[in-house]
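I opened this entry to keep a record of what I looked up, in the order in which I looked it up. The structure comes first, and my notes come after it.

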Amino acid sequence: VIKCKAAVAWEAGKPLSLEEVEVAPPKAHEVRIKIVATAVCHTDAYTLSGADPEGCFPVILGHEGAGIVESVGEGVTKVKPGDTVIPLYIPQCGECKFCKNPKTNLCQKIRITQGKGVMPDGTSRFTCKGKQIYHFMGTSTFSEYTVVADISVAKIDGAAPLDKVCLLGCGISTGYGAAVNTAKVERGSTCAVFGLGGVGLAVVMGCKIAGASRIIGIDLNKDKYAKAKEFGATECISPQDFTKPIQEVLAEMTDGGVDYSFECIGNVGVMRAALEACHKGWGVSVIVGVAAAGQEISTRPFQLVTGRTWKGTAFGGWKSVDSVPKLVTEYMSKKIKVDEFVTHNLPFDKINEAFELMHTGK
């Protein structure tokens with residue numbers, strides 16, 4: 001058993017608490033990882049807020065991490081101690097009907113136990129002050145050591161800087177893949193990206209790499225516009241600057257609507273606007289943001305009858321074990337940006353400050 005520091009969420013709505021935890025050794029088909037770097041994501045904050053119906057407490061959150069394999073359980077063949085890895089919140093077992101289908105990346109092998117905050121055998125590897133602590137998204141990267149299923153880990157280039165590539169565990173991969181895999185943005189097309197946080201910027205980057213000629217960023221926070229333009233946005237607008245609905249504004253700006261739109265916020269009203277901002281006959285709108293539990297989307301069916309398509313994406317459609325190492329290689333060869341997404345580097349004990357910076361849009 002390893003004793004180490006972890007940021008424990010004892011209950012919903014409270015700040016994380018830095019504690020000494022015990023991390024049990026990996027069982028069969030499990031991997032214990034020394035986490036070197038982790039990022040914070042709105043999904044962690046969503047669960048911490050208590051709005052997540054799958055949220056269980058006490059829990060160790062975190063799902064954008066990178067580290068080094070410390071030890072492996074029986075039957076593990078794909079990684080060995082010393083390997084550089086990224087934990088995966090969507091695994092890839094290669095055996096279930098989802099993994100065998102090229103149309104999806106949603107491996108279901110451990111979905112049920114992962115959603116309950118436990119390892120595939122139904123138990124936890126974390127204890128603190130004599131209490132069992134739940135796992136989160138199969139990763140729990142807010143701990144100096146974590147244990148994951150062997151199908152939930154991607155071996156990557158050992159030369160990659162872990163404080164950067166940890167972001168490929170969720171946000172950047174999600175946004176980039178939404179553009180290139182889910183929407184399949186075409187050269188010369190016009191795109192609109194709603195929400196210019198980390199995921200939105202990754203969508204902008206994906207649209208640019210795919211050759212879009214016009215990329216319109218939409219955000220209430222104008223402080224984000226300069227960064228969006230660095231990533232490839234051709235113009236940025238705020239819905240607050242117009243008296244008419246933003247979908248009408250976009251239709252006027254683009255002679256009838258955009259070819260592709262992306263909702264990167266998780267707001268069901270914005271999801272509707274994003275769909276309705278698409279061009280009649282061929283416009284495609286992709287939902288990337290995660291809305292709160294129980295919320296529903298609406299539009300007039302005529303929007304779809306007249307040729308618009310509504311799609312969703314999880315982890316950008318990447319089959320995780322196969323794709324994450326390739327994304328790291330694309331970063332190392334400068335095809336995709338990663339460094340530019342990092343705004344702050346903080347020591348682990350300042351993790352609550354990291355959440356504050358995220359909530360204030362900084």
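The entries below go from the domains to one helix, then to single residues and backbone details.

**Ground rules.** I am working with a predicted model, in which local features need pLDDT of at least 70 and side-chain atom pairs count only at pLDDT 80 or more, while totals for chains, interfaces and linings use all residues. I number residues from 1 along each chain as its sequence is written, and side-chain values use heavy atoms, with hydrogens and water left out.

**Domains.** I looked up the domain assignment of the protein chain, which gives domain 1 as 2-169 + 319-353 and domain 2 as 175-314; such bounds come from an automatic or database domain assignment. The contact between them takes 13 residues from domain 1 and 13 residues from domain 2, where contact means heavy atoms within 4.5 Å. I noted that the C-alpha centres of domain 1 and domain 2 lie 29 Å apart.

How much area do domain 1 and domain 2 bury between them? I found about 1000 Å², with 72% of it on carbon and sulfur atoms; buried area here is the accessible area (1.4 Å probe) that two parts lose on being put together, summed over both. I also looked for salt bridges (a side-chain nitrogen of Lys or Arg within 4 Å of a carboxyl oxygen of Asp or Glu), and the rule finds zero across the interface of domain 1 and domain 2.

**Helix α5.** I turned next to α5, residues 171-183, which has 13 residues and reaches 17 Å from its first C-alpha to its last, close to the 18 Å expected at 1.5 Å a residue. The expected span is 1.5 Å times one less than the number of residues, and helices (H or I, at least four residues) and strands (E, at least two) are DSSP runs, numbered from the N terminus.

Where is the kink in α5 centred? I located it at Gly-177, with a value of about 45°, the bend at a residue being the angle between axes fitted to the seven residues ending there and the seven starting there.

I then checked burial, using under 20% relative accessible area for buried, over 50% for exposed and partly exposed in between (1.4 Å probe, protein chains only). Because 11 of its 13 residues are buried, α5 is largely enclosed by the rest of the structure. Among the buried residues of α5 are Ile-172, Ser-173, Tyr-176 and Gly-177. What covers the buried residues of α5 includes the strands β5 (64-72), β14 (260-263), β15 (284-287) and β16 (309-312), together with the helices α6 (198-209) and α11 (320-332). I noted as well that α5 is followed by Lys-184, whose phi is positive, near 55°.

**Gln-303 and His-279.** I looked at these two together since Arg-308 is listed among the contacts of Gln-303 and also of His-279. Gln-303 lies in helix α10, residues 301-305, and is buried, with a relative accessible area of 18%. Not counting residues up to four places away in sequence, Gln-303 touches Leu-275, Glu-276 and Arg-308.

His-279 lies in the loop between α9 (268-276) and β15, and is buried at a relative accessible area of 18%. With the sequence exclusion of up to four places, His-279 touches Asp-255, Gly-256, Gly-257, Val-258 and Arg-308.

**The loop between β8 and β9.** I found Thr-139 in this loop, where Ser-140 also has its place. Thr-139 counts as buried at 0% relative accessibility, and Ser-140 is buried with a relative accessible area of 0%. Leaving out residues up to four places away in sequence, the contacts of Thr-139 are Gly-62, His-63, Pro-87, Leu-88, Tyr-89, Thr-146 and Val-148. Thr-139 and Ser-173 are 34 residues apart in sequence and 16 Å apart in space, C-alpha to C-alpha.

**Backbone details.** Most residues other than glycine have a negative phi, and most peptide bonds are trans. I therefore recorded Ser-140, whose phi is near 50° and positive. Lys-129, in the loop between β7 (126-128) and β8 (131-133), has a positive phi near 50° and counts as exposed at 62% relative accessibility. I also recorded a cis peptide bond that joins Phe-57 and Pro-58, with omega about -5°; Pro-58 has its place in the loop between α1 (42-49) and β4 (59-60).
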